[in-house]
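The exercises below ask you to read a fold from its overall composition down to single residues. Each task is followed by a solution that proceeds step by step.

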Amino acid sequence: MFPRLTPITKNIIILNVVFYLTSNFIMFPKLYEMFSVYYIASPHFKVWQIITHMFMHAPLHSGMGITHILFNMLTLMSFGPVLEQVVGDRKYIILYFASGIGAYALNCGWNFVQITQLGANVEEIYSIPMMGASGAIFGVVAAFSTMFPDSKLFFMFIPFGIKAKYLLPGIIVISLYLGFSGSMEGIAHFAHIGGAVVGYLLAKNWKDNQYRIN
């Protein structure tokens, strides 16, 4: 059961769906080339991609297909509305986009390490873009876990509730393992960590100053 959609969360979901339909059925693959974000030193990088990549998701015909956008939007529907009502529109927007930018920044940092220390193929890193709202949404999830640590969360196939405060360290540990091990290639695990860290830091600051949240 999802909470009632709030205005900002609803509009973010609508924008993601519009971008997805347009990029797959009207302007494919042009929008993917324009709006997905490339490594900052790549000749394909454009400054607007830092924002627009948050509205792009895996193409319909790719391995992930529609599950990429579906999972992200369902997660946002689960955690976004409550957070939006608690922190207010302005802070919620800041949280969402700052987390997405933080996700890109940490992913760039990891790409730099791969190039300079791990002997990665430079042309490959320059030519493969990052896309998706996952970094921003990991920030929302981390902020929820920080502000409501004792809330019980229920997931499919798990017969008992899990306190939200265990979700954030779980996200970090799993993403670190997958990132360093190279498991599940094609997923920007360090972007997830970047988004989660930004979400946590913002939420912690707001919670510490809770009387000024509104």
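**Exercise 1.** Which residues does D150 touch, not counting residues up to four places away in sequence?

*Solution.* The model is a predicted one, and the place to begin is the loop between α7 and β1 (152–153), where D150 is found. Leaving out residues up to four places away in sequence, D150 touches K163 and K165. The residue between these two in numbering, A164, is 14 residues from D150 along the chain, and the C-alpha atoms of D150 and A164 are separated by 5.9 Å. As for solvent, D150 has a relative accessible area of 49% and is therefore partly exposed, since the exposed class begins over 50%.

**Exercise 2.** Describe the protein chain as a whole, from its secondary structure to its dimensions.

*Solution.* Begin with the elements: the protein chain has nine helices and two strands, and from the N terminus on they run α-α-α-α-α-α-α-β-β-α-α. Next, take the overall dimensions, for which the C-alpha trace spans about 50 × 40 × 40 Å along its principal axes. A compact globule with 214 residues would have a radius of gyration near 17 Å, and because the protein chain has 17 Å, the two agree. Finally, consider burial and contacts: 44% of the 214 residues count as buried, and among contacts with a separation of 6 or more, 70% are accounted for by residues 24 or more positions apart.

**Exercise 3.** Analyse how helix α7 (residues 134–147) and helix α9 (residues 189–208) cross, and which residues make the contact.

*Solution.* The first step is geometric: the axes of α7 and α9 come within 7 Å and cross at roughly 35°, and the crossing is right-handed. The second step is to list the participants, which on α7 are S134, G135, F138, G139, A142, A143, T146 and M147, and on α9 are A191, H192, G195, A196, G199, Y200, A203, K204 and K207. The third step is to sort the residues of this contact by character, which gives eight nonpolar, seven polar and two charged.

A residue of another helix can then be added to the picture. S99 lies in helix α5 and is in contact, its neighbours within four places in sequence left aside, with I94, G135, A136, G139, G195, V198 and G199. Of these, G135 and G139 belong to the α7 side of the crossing, and G195 and G199 to the α9 side. With a relative accessible area of 0%, S99 is buried.

**Exercise 4.** Which residues of the largest nonpolar core touch the most other members, and which element supplies the largest share?

*Solution.* The largest nonpolar core has 39 residues, and those that touch the most other members are L76, Y92, L95, Y96 and V140. At least two residues of this core come from each of α1 (7–25), α2 (30–35), α4 (67–87), α5 (89–116), α7, α8 (167–181) and α9, while the largest share, nine residues, comes from α7. Another core, of eleven residues, lies apart from it and includes Y39, I50, C108 and I125.

To see how one member is placed, take V140, whose contacts beyond its neighbours within four places in sequence are L76, F79, G80, L83, Y92, L95 and Y96.

**Exercise 5.** Compare the surroundings of T75 and H68, two residues of helix α4.

*Solution.* T75 has 13% relative accessibility and so counts as buried, and H68, at 10%, counts as buried too. The contacts of T75, its neighbours within four places in sequence left aside, are with I137 and V141. H68 touches H57, A58, M131, G132 and S134, residues up to four places away in sequence not being counted. H68 and A133 are 65 residues apart in sequence, and 9.2 Å apart in space from C-alpha to C-alpha.

**Exercise 6.** Where is P29, and what kind of peptide bond joins F28 and P29?

*Solution.* P29 lies in the loop between α1 and α2. The peptide bond that joins F28 and P29 is cis, with omega about 0°. In helix α1 itself, V17 is found, and V17 is partly exposed, with a relative accessible area of 36%.

Terms used: Residues numbered from 1 in each chain as written. Predicted model: local features only at pLDDT ≥ 70, side-chain atom pairs only at ≥ 80, totals over all residues. Heavy atoms only, no water. Axes fitted to C-alpha atoms, helices over the stretch in contact; angles between N-to-C directions. Helix = DSSP H or I, 4+ residues; strand = E, 2+ residues; numbered from the N terminus. Left-handed = near helix turned anticlockwise from the far one by under 90°. Contact = heavy atoms within 4.5 Å. Nonpolar A, V, L, I, M, F, W, Y, C, P; charged D, E, K, R; others polar. Core = buried A, V, L, I, M, F, W, Y, C linked by side-chain atoms within 4.5 Å. Buried < 20%, exposed > 50% of the residue type's maximum accessible area, 1.4 Å probe, protein only. Rg over C-alpha atoms; globule rule 2.2 N^0.38 Å.
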